[in-house]
Amino acid sequence: MIRVLLADDQRLVRGALAALLSLEDDIEVVAEVGRGDEVVTAARRAGPDVALLDVEMPGLDGIAAAAALRAEVPAVRVAILTTFGRPGYLRRAMEAGALGFLVKDAPTEDLAAASRRVAAGE
């Protein structure tokens, strides 16, 4: 079972992502947060395998939250979610330790597939 933490400041988006992932037999959403500065605490508490982090959030952005996770809870693998597939975001996300980068307008099946690949360290 792949344990996932979702971080997105938009409740509707976060809820939709959680609902989509809950349809998968091998994925469980174990934590949801709406601020980047809540990510590390939630990861320590819930013990996810994967954190799916929105780029733009209050507190810390997703890239800064990814770097904080890498430093403080390094076992959690990170994928960045964004509305905009800007090359600068991708580069900064990889430098912060993210293994995946998913644009929110990707097909819905890509969300579960990306979660599985990131959990596997790909």
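**Entry 1: Asp54**

I began with Asp54, which I found in strand 3, the run of residues 50-54, and I note at once that I am reading a predicted model. I asked whether Asp54 is buried or exposed. With a relative accessibility of 6%, Asp54 counts as buried, because the cut-off for that class is under 20%. Looking for a partner for its side chain, I found a polar contact between the side chains of Asp54 and Lys104, at 3.2 Å. I then listed what Asp54 touches, leaving out residues up to four places away in sequence, and wrote down Ala7, Asp8, Asp9, Gly62, Leu81, Thr82 and Lys104.

**Entry 2: Asp8**

Since Asp8 appeared among the residues touched by Asp54, I went there next and placed Asp8 in the loop that runs between strand 1 (2-7) and helix 1 (11-22). Its relative accessible area is 1%, so I entered Asp8 as buried. Which side chain does the side chain of Asp8 join in a polar contact? I found that of Lys104, at 2.7 Å, and Lys104 is also the residue whose side chain makes a polar contact with that of Asp54. Setting aside residues up to four places away in sequence, I recorded that Asp8 touches Val13, Arg14, Val33, Gly34, Asp54, Met57 and Lys104.

**Entry 3: Ala106**

I also looked up Ala106, which is found in the loop between strand 5 (100-103) and helix 5. Here the relative accessibility is 23%, and Ala106 therefore counts as partly exposed, the class that lies between under 20% and over 50%. For a distance across the fold I took Val55, which is 51 residues from Ala106 along the chain, and the C-alpha atoms of the two are separated by 15 Å.

**Entry 4: Leu111, and helix 1 against helix 5**

I moved on to Leu111, a residue of helix 5, which covers residues 109-119. Leu111 has a relative accessible area of 5% and is therefore buried. Which residues does Leu111 touch, not counting those up to four places away in sequence? My list reads Leu17, Leu20, Leu21, Leu52, Leu81 and Leu102. I also checked Leu111 against Ala79, which is 32 residues away in sequence, and the C-alpha to C-alpha distance came out at 9.9 Å.

I then turned to the helix pair itself, and noted that helix 1 and helix 5 pack at about 75 degrees with their axes 9 Å apart. That angle is why I entered helix 1 as roughly perpendicular to helix 5. On the helix 1 side I found Leu17, Leu20 and Leu21, and these meet Leu111, Ala112 and Ser115 of helix 5. Sorted by class, the residues of this contact of helix 1 with helix 5 are five nonpolar, one polar and no charged.

**Entry 5: helix 2 against helix 3**

For the second helix pair I looked up helix 2 (residues 39-46) and helix 3 (residues 62-72), which pack at an angle of about 40 degrees, their axes being 9 Å apart. I therefore wrote down helix 2 as oblique to helix 3, and I noted that helix 2 passes helix 3 in a right-handed crossing. Which residues make the contact? From helix 2 I have Val39, Val40, Ala43 and Arg44, and from helix 3 Ala65, Ala68, Leu69 and Glu72. By class, the contact of helix 2 with helix 3 consists of six nonpolar, no polar and two charged residues.

**Entry 6: Leu69 and Ala71 in helix 3**

I ended with two residues of helix 3, taking Leu69 of that helix to begin with. Its relative accessibility is 0%, so Leu69 counts as buried. Apart from residues up to four places away in sequence, Leu69 touches Val39, Val40, Ala43, Ala51, Leu53, Pro74, Val76 and Val78. I also noted that Leu69 and Glu38, 31 residues apart in sequence, lie 11 Å apart in space from C-alpha to C-alpha.

Ala71 is likewise found in helix 3, and I asked whether Ala71 is buried or exposed. Ala71 has a relative accessible area of 63% and is therefore exposed, since that class begins over 50%. Gly97 is 26 residues from Ala71 along the chain, and I recorded 9.4 Å between their C-alpha atoms.

Notes:
Residues numbered from 1 in each chain as written. Predicted model: local features only at pLDDT ≥ 70, side-chain atom pairs only at ≥ 80, totals over all residues. Heavy atoms only, no water. Axes fitted to C-alpha atoms, helices over the stretch in contact; angles between N-to-C directions. Helix = DSSP H or I, 4+ residues; strand = E, 2+ residues; numbered from the N terminus. Parallel < 35°, antiparallel > 145°, perpendicular 65-115°, else oblique. Left-handed = near helix turned anticlockwise from the far one by under 90°. Contact = heavy atoms within 4.5 Å. Nonpolar A, V, L, I, M, F, W, Y, C, P; charged D, E, K, R; others polar. Buried < 20%, exposed > 50% of the residue type's maximum accessible area, 1.4 Å probe, protein only. Polar contact = N/O pair within 3.5 Å; in protein donor to acceptor, adjacent residues only side chain to side chain.
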